[in-house]
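Good morning, everyone. Please have a look at the model on the screen, and I'll walk you through it.

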Amino acid sequence: MYIIGENIQILAPKIKTAIAERDATYVRELARVQVDHGANMLDLNIGPRKRDGVEVMQWIIDEVYDEVGPVPLSLDTTNAAAIKAGLAKCSELGLQAMINSTSADPDRLNTTMPMAVEYGAKIIALSMDKNIPPTADGRVGLAMEILIPKAEELGMPMEDVYLDPLVLTVNGCQEHGPETINAIRSFKMLWDPSPMTTVGLSNISNSVPHERRSLLNRTYLVMLMACGLDSAIADPLDAAQNEVIRIVEERDDSTGVGKALLALHDAVEAMDDFTPDHVDMSDPDQEAIFKTVQILENKVIYAHGYLST
């Protein structure tokens with residue numbers, strides 16, 4: 001699983017302050033610790049930055065490169081000029097870059113995807129236009145009719161296109177959980193060679209109490225991996241999540257939790273139901289996995305106390 005470290009992002013107050021004051025100390029710390037915990041790429045989310053986006057993007061790339069060297073970078077902003085400046089800076093430094101992101105909205109698509117081709121960058125393509133389609137079929141349709149044809153028109157290799165069917169929180173948008181899973185499955189089945197896939201994993205637990213977030217994130221990740229997910233924008237500092245990735249990739253069934261996670265993976269892969277028979281319901285950790293899957297499959301309505309019911 002290719003992990004794009006999510007932690008350098010403008011919504012974090014300390015990052016917002018660091019950027020405003022051009023104090024790179026905390027940015028460098030986060031870059032270093034994410035790489036040390038296995039991040040394959042670092043997302044640099046600077047926000048729209050309409051006034052100073054070009055300067056900020058170049059500054060943050062320089063600081064991160066100085067700290068961690070040639071780690072690939074994801075340039076996360078809606079400011080097209082900042083993206084172009086970031087791509088030029090990455091090219092100058094010899095870094096692999098990714099644009100985060102484009103969409104099926106023509107104005108956005110026709111600006112960003114040609115930039116990716118010009119600089120040999122990868123690109124995250126959101127399966128939305130002005131709005132997010134409510135169904136997997138709607139998201140797949142945008143990929144089939146707009147996103148992939150545009151990439152083909154420009155001669156972009158499929159391995160550089162990362163389709164993102166969009167993850168929304170279970171707290172208020174729970175019905176989208178299964179649709180995103182089904183969209184990933186379809187993305188991997190409809191093309192040969194297939195495009196790459198990614199998601200903003202932590203979005204599944206937005207507005208959820210902190211102590212519940214990792215369980216939701218890592219359980220959903222197992223389900224997405226079963227459908228062929230290639231990468232995730234995620235928190236590489238989540239040790240429990242990293243362990244789940246290891247269990248699935250190594251097929252480690254030496255523990256009860258490992259057996260349950262592999263049973264979940266295999267059930268989703270086969271499009272079978274994940275039932276209480278797949279877990280030991282007397283084990284609180286396995287019971288928590290089962291209850292979380294019920295939420296993620298939209299079979300039980302989410303509530304903050306769902307594990308206690």
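A word on naming before we start. Helices and strands here are DSSP runs, numbered from the N terminus; a helix has at least four residues and a strand at least two. Also, keep in mind that this is a predicted model.

With that naming, take aspartate 160. It sits in the loop between H6 and E6. Is aspartate 160 buried or exposed? It is buried: its relative accessible area is 14%, and buried means under 20%. Beyond residues up to four places away in sequence, aspartate 160 touches Ala121, Lys122 and Ile123.

Now the sheet. How many strands form it, and in what order? There are eight, and the sheet is open. The order reads E7-E6-E5-E4-E3-E2-E1-E8, with parallel pairing. Which strands stand at the edges? Strand E7, residues 196-197, and strand E8, residues 231-234. Each has a single partner strand, so one side of each has no neighbour in the sheet.

Let's look at one pairing in detail. Strand E4, residues 97-103, runs parallel to strand E5, residues 122-126, and five bridges join the pair. One residue to pick out is methionine 98, whose bridge partner in E5 is lysine 122. We met that lysine a moment ago, as Lys122, among the contacts of aspartate 160.

Next, the helices across the sheet. Helix H3, residues 53-68, lies across strand E2 (41-45) and strand E3 (73-76). Its direction is at about 150° to E2. Helix H6, residues 136-153, lies across E4, E5 and strand E6 (161-164). H6 runs at about 160° to E6.

Stay with H6 for one residue. Isoleucine 148 is part of this helix. It is buried, with a relative accessible area of 1%. Which residues does isoleucine 148 touch, leaving out those up to four places away in sequence? Ala143, Met158, Val161, Leu163, Trp191 and Pro195. Take leucine 163 from that list. In sequence, isoleucine 148 and leucine 163 are 15 residues apart; in space, their C-alpha atoms are 9.0 Å apart.

On to the cores. In soluble globular proteins, nonpolar side chains tend to be buried together. Here, the largest nonpolar core has 97 residues. Ile60, Ile61 and Val64 touch the most other members. Which helix gives the most to this core? Helix H9, residues 210-226, with nine residues. Look again at isoleucine 61. Outside its neighbours within four places in sequence, it contacts Leu44, Leu73, Leu75, Gly86, Lys89, Cys90, Leu93 and Leu95. Another core, of nine residues, lies apart from the largest one; Met41, Met98, Met128 and Ile233 are among its members.

Last topic: the rings. Ring centres must lie within 6.5 Å to pair, and planes from 30 to 60 degrees apart count as tilted. The count comes to two aromatic pairs. In one, phenylalanine 274 and phenylalanine 290 have ring centres 6.1 Å apart and planes at 40°, so this pair is tilted. Phenylalanine 274 is in the loop between helix H11 (256-269) and helix H12 (284-296), while phenylalanine 290 is in H12, 16 residues apart. Both phenylalanines are buried. Then come tyrosine 302 and tyrosine 306, with centres 5.8 Å apart and planes at 55°, so they are tilted too. Tyrosine 302 is buried at 9% relative accessible area, and tyrosine 306 is buried at 5%.

One more ring. The charged end of lysine 14 sits over the ring of tyrosine 26, 4.2 Å from its centre. Thanks, everyone.

Conventions
Residues are numbered from 1 along each chain as its sequence is written. This is a predicted model: local features need pLDDT of at least 70, side-chain atom pairs count only at pLDDT 80 or more; totals for chains, interfaces and linings use all residues. Side-chain values use heavy atoms; hydrogens and water are left out. Rings of Phe, Tyr and Trp (its six-membered ring) pair if their centres lie within 6.5 Å; planes under 30 degrees apart count as stacked, over 60 as edge-to-face and the rest as tilted. Buried means under 20% relative accessible area, exposed over 50%, partly exposed in between (1.4 Å probe, protein chains only). A charge sits over a ring if NZ of Lys or CZ of Arg is within 6 Å of the ring centre and within 35 degrees of the ring normal. A nonpolar core is a set of buried Ala, Val, Leu, Ile, Met, Phe, Trp, Tyr and Cys residues joined through side-chain atoms within 4.5 Å. Contact means heavy atoms within 4.5 Å. Two strands pair if DSSP finds at least two bridges between them. Axes are lines fitted to C-alpha atoms, for helices over the stretch in contact, and angles run from 0 to 180 degrees between N-to-C directions.
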